[in-house]
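Trainee: I should be grateful for a close look at one part of this structure, the open sheet with mixed pairing, and for an account that then sets it beside the other strands, helices and charged pairs.

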Amino acid sequence: MTERALRLGTRRSKLALAQSGHVADAVRQLSGRPVELVEITTYGDVSREHLAQIGGTGVFVAALRDALLAGEVDFAVHSLKDLPTAQHPDLVLAAIPQREDPRDVLVARDGLTLDRLPKGARIGTGSPRRTAQLNAYARSHGLTIETVPIRGNIDTRVGYVHKGELDAVVLAAAGLNRIGRTDEVTDFLSVDAVLPAPGQGALAIECAASATDLVAVLAELDDPYTRAAVTAERSLLAALEAGCSAPVGALADLLAEDSGRGQTVTEMRLRGVVGTTDGSTLVQLSTTGPVPTSYDEAMALGRELADEMLAKGAAGLMGERAL
């Protein structure tokens with residue numbers, strides 16, 4: 001008698017299906033069980049409103065979590081940056097696999113890079129975080145740009161450039177990598193110019209806390225360095241009490257030394273930014289310390305940097321939070 005297939009809950013977008021397909025393959029190998037994708041439509045997928053208006057990050061995960069809690073699926077794959085920072089009491093983040101490239105990228109007409117965009121260039125993004133940092137970059141480099149709010153999947157967004165409606169759009173490198181479209185990137189944006197969203201490029205594999213056997217299988221896919229990094233980033237976000245309307249960027253990266261026998265990770269650097277969407281004011285700070293070896297240490301790293309940012313005036317930049 002063959003074991004029942006494990007049901008993996010996923011959003012229906014091309015990117016979500018690609019991400020979930022990779023995870024399904026890995027779980028099949030680990031468990032020896034068949035895995036089937038169960039496609040679920042979330043409110044964030046069908047609404048055309050801007051994210052800040054419809055409740056922020058959680059709109060993409062609520063339907064998947066409902067299916068988990070109802071036993072309709074056994075586990076779910078999310079883009080980590082879509083997950084609310086507060087953990088659900090009946091669910092567990094069983095694995096955070098090794099992170100993809102966390103950077104943002106530019107897809108622009110005529111192969112243009114950010115620093116070569118023409119005066120008055122129209123750049124599409126649905127993210128206040130990207131808007132704030134792009135405008136700040138433009139101000140400091142003597143560029144004149146116009147940021148245009150957009151929604152939609154990768155095809156829709158890139159389509160605005162192909163149709164000549166926009167000069168460029170900004171997307172996450174990880175998404176384009178996962179669907180094999182990195183060749184369309186005209187500029188990988190330095191994290192010194194645009195810090196990514198907390199958790200960008202990482203996947204979250206979630207299941208019911210009561211499913212202990214499945215939790216143990218999924219834990220094999222966990223990457224401890226990625227988990228430490230994104231935990232620190234999300235702790236910073238939570239401590240800043242940032243709803244989706246607040247332009248917060250964060251990135252924790254590992255600093256390594258060459259020990260003669262290869263690279264040895266020695267420290268973790270956490271950078272954070274919050275600013276006004278017009279780019280006129282940014283609070284940008286970083287801290288470096290030992291690589292966290294526990295959840296509590298990673299959380300503390302994020303909280304400490306958030307406290308420093310608040311002391312430097314970050315709270316006054318946040319604008320009204322989306323409820």
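Mentor: In this predicted model, the open sheet with mixed pairing is built from five strands, arranged in the order 7-6-8-5-9. Strand 7 (145–148) and strand 9 (187–188) are its edge strands, and each of them pairs on one side only. At the strand 7 edge, the neighbour is strand 6 (residues 121–124), and these two strands run parallel, joined by four bridges. Within that pairing, alanine 121 is found opposite isoleucine 145 of strand 7.

Two helices lie across strands of this sheet. Helix 5 (residues 128–140) lies across strand 5 (104–108), strand 6, strand 7 and strand 8 (168–172), and its direction makes an angle of about 175° with strand 7. Helix 6 (residues 154–162) lies across strand 5 and strand 8, at about 155° to strand 8. Strand 5 and strand 8 are thus crossed by helix 5 and also by helix 6.

For the setting of this sheet, one may turn to the beginning of the chain. Strand 1 (residues 6–10) is mostly covered, with four of its five residues buried. Strand 1 runs parallel to strand 2 (residues 35–39), and five bridges join the two; arginine 7 is placed opposite glutamate 36 of strand 2. Together with helix 1 (residues 14–31), strand 1 and strand 2 form a β-α-β unit of right-handed sense. Strand 1 also pairs with strand 3 (residues 75–79), again in the parallel sense, through two bridges. There, leucine 8 has phenylalanine 75 in strand 3 as its bridge partner.

Strand 3 also contains histidine 78. The relative accessible area of histidine 78 is 2%, so this residue is classed as buried. Leaving aside residues up to four places away in sequence, histidine 78 touches Val61, Leu64, Leu83, Ala202, Leu203, Ala204 and Glu206.

Charged pairs also deserve attention. Side chains of opposite charge can pair when their charged atoms come close. The structure holds 22 salt bridges. One of them joins the side chains of aspartate 82 and arginine 11, with an N to O distance of 3.4 Å. This pair links distant parts of the chain, 71 residues apart: aspartate 82 belongs to the loop between strand 3 and strand 4 (91–95), and arginine 11 to the loop between strand 1 and helix 1. Aspartate 82 counts as buried because its relative accessibility is 11%, and arginine 11 is likewise buried at 17% relative accessible area.

A second salt bridge connects the side chains of arginine 227 and aspartate 222, at 3.0 Å from N to O. Arginine 227 is partly exposed, with a relative accessible area of 24%, and aspartate 222 is partly exposed with a value of 24%.

The remaining sheet to be described is open and has three strands in the order 11-12-13, paired in the antiparallel sense. Strand 11 (248–258) and strand 13 (282–290) each have a single partner strand, so one side of each is left without a neighbour in the sheet. From one strand to the next, the twist averages 20°. Strand 12 (residues 263–275) is joined to strand 13 by nine bridges in the antiparallel sense, and glutamate 267 is placed opposite proline 290 of strand 13. Helix 10 (residues 295–311) lies across strand 12 and strand 13, at about 35° to strand 12.

This antiparallel sheet also carries a salt bridge, between arginine 271 and aspartate 253, whose closest N and O atoms are 3.0 Å apart. Because arginine 271 lies in strand 12 and aspartate 253 in strand 11, the pair ties together parts that are 18 residues apart in sequence. Arginine 271 is buried, with a relative accessible area of 12%, and aspartate 253 is buried at 18%. Elsewhere, Lys14, Asp155, Arg181 and Glu184 are joined into one network by salt bridges that share partners.

To return to the part requested: the sheet has the strand order 7-6-8-5-9 with mixed pairing, and helix 5 lies across strand 5, strand 6, strand 7 and strand 8.

Notes: Residues numbered from 1 in each chain as written. Predicted model: local features only at pLDDT ≥ 70, side-chain atom pairs only at ≥ 80, totals over all residues. Heavy atoms only, no water. Pairing = 2+ DSSP bridges. Axes fitted to C-alpha atoms, helices over the stretch in contact; angles between N-to-C directions. Contact = heavy atoms within 4.5 Å. Buried < 20%, exposed > 50% of the residue type's maximum accessible area, 1.4 Å probe, protein only. Right-handed = clockwise from strand over helix to strand, strands pointing away. Salt bridge = Lys/Arg side-chain N within 4 Å of Asp/Glu carboxyl O.
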